[in-house]
Amino acid sequence: MKSSFFYCLKSGNIIKREEYSYKKISTDTRTIETDDFYIPLKGENFDGENFIEQAVNQGAAGFLTANKNTAEKYIDDTRVKTIILVPDTKIAYMELAEHRIKEAGYKVIGITGSSGKTTTKEMVNTVISESFNTWKTKLNHNNEIGFCQTVFEAPEDTHILIIEMGMRGIGEIDLIAKYAKPDIAIITNIGTAHIGRLGSMENIARAKCEITRYIKPDGIFIARNNDLIKKYSEFKGSTKYYSINDVIIKEQHVGYSRFEYEGFEYELPIEGAHNIENALAAINTGLFIGIPPRTILNGLRKFETIENRWNVEKIDGFEVINDAYNANPESMKATVGTILDMYDEPVLVLGDMGELGENSAAYHANIGRFINNHPRTNKNTVVLTVGELSKEISKQITNCITKNFDNITQAADYILKNKNIGNILFFKASRAMKFEEIINKLKGKGEH
């Protein structure tokens, strides 16, 4: 990109200006290359400003800085062609991303929600990519820096950007959406994820609905049919609410769902009402941009789960379903309910759910009551819980076998020593529990 691209900054003061073509934007001196443009970012434990000299020595031909002395230091350095002094390098990075979206003519789909964001993103991508070139947020890069990286890593022939927007507090969705300005905004649901930080479901809804402030007037807001979303949405344009109640489920078994929605039948290579609901967001997105239902169907058939999200594999005689990337009370109930509905005599391996605040114990106990009262729970169902909070799950269970472990090592050892407990192992916990280490032990890759 040419030097002139960087002159769009609303708050930038150009200190040095020479015409030059840059290979790409870089924020990491560990991977910087000759002719890159360096943007030094600041985090809790690092300050990219401290690495400007290293960036220049490695070939960076231009950079942003919030330090006037640094800018003046390189004015006469012939290696450096562009220097722009800005108040905040992160905000400048986001301004550049916004400019890039406009310059390239990208359409933007923004996705947020308390759970199901990544699955919905993947489903939207499989649907939209049937008709358009898409580029999506990688893995969990769903903060403001990930937004910028997604924009600048998009290939030249991209038509539609699919941006996942995460948040841990008020104002974080607002910051991303302000610069993304989505044509289509999706809220998958409002749940108790991060309630320990935000204090109430009302505050969570307010935070998620920040995305609605910046939807383009001719765009659409697509969301789960939820009273709190309706209450706090600020978008006055076209809106589509969806629910599992809008669906007629025609067939559902392990690894397959077929359902009717608004007069057309769709299929998914995965089971569960929560996954069908996620698919409704993708269907409505496709319909809004003019993709025919049959083409949408073809896209949904190609959906593939990603690591630690309903990932199914055979391990040492077990069928293992790993959904331990994250967990909150809503997603725990949805996925555990699906397992109990779809499998006979499963083994549920459940861990602590994080960031639930002062009522954490009560939320975990409620999961235990949900399992205990489920109509498919019986004396052969096994519930293994890991962690102090998850002990509250086991305390509520009287209708089936349950056991609590202090840590993942104890849980893994128990499963390995009791291979007759059941053929189906379902793993669900917050990411911090590191349940993948239990699975690695089952594969023989962990420490013994």
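This report describes a helix, a single glutamate and a hairpin in a predicted model.

**Helix H8**

Helix H8 spans residues 201-208, and its buried residues are Ile204, Ala205, Ala207 and Lys208. Viewed along the axis of H8, these buried residues fall within an arc of 160°, so they line one face of the helix. Several elements take part in covering the buried residues of H8, including those in the table.

| Element | Residues |
|---|---|
| Strand S6 | residues 107-112 |
| Helix H4 | residues 117-128 |
| Helix H6 | residues 172-180 |
| Strand S9 | residues 184-187 |
| Helix H7 | residues 195-198 |
| Helix H9 | residues 227-232 |

**Glu103**

Glu103 belongs to helix H3, which covers residues 89-104. Is Glu103 buried, exposed or partly exposed? Its relative accessibility is 48%, so Glu103 counts as partly exposed; the class of partly exposed residues ends at 50%. The side chain of Glu103 makes a polar contact of 2.9 Å with the side chain of Arg100. Glu103 can also be placed relative to Ile315, which is 212 residues away along the chain. The C-alpha atoms of Glu103 and Ile315 are 49 Å apart.

**The hairpin of S12 and S13**

Strand S12 runs over residues 247-253 and strand S13 over residues 256-261. The two strands pair in the antiparallel sense, with six bridges. In this pairing, Gln252 lies opposite Ser257 of S13. Two residues separate S12 from S13 in the hairpin that they form. Gly255 is in the turn and has a positive phi of about 80°.

Notes: Residues numbered from 1 in each chain as written. Predicted model: local features only at pLDDT ≥ 70, side-chain atom pairs only at ≥ 80, totals over all residues. Heavy atoms only, no water. Buried < 20%, exposed > 50% of the residue type's maximum accessible area, 1.4 Å probe, protein only. Helix = DSSP H or I, 4+ residues; strand = E, 2+ residues; numbered from the N terminus. Arc of directions from axis to C-beta. Contact = heavy atoms within 4.5 Å. Polar contact = N/O pair within 3.5 Å; in protein donor to acceptor, adjacent residues only side chain to side chain. Pairing = 2+ DSSP bridges.
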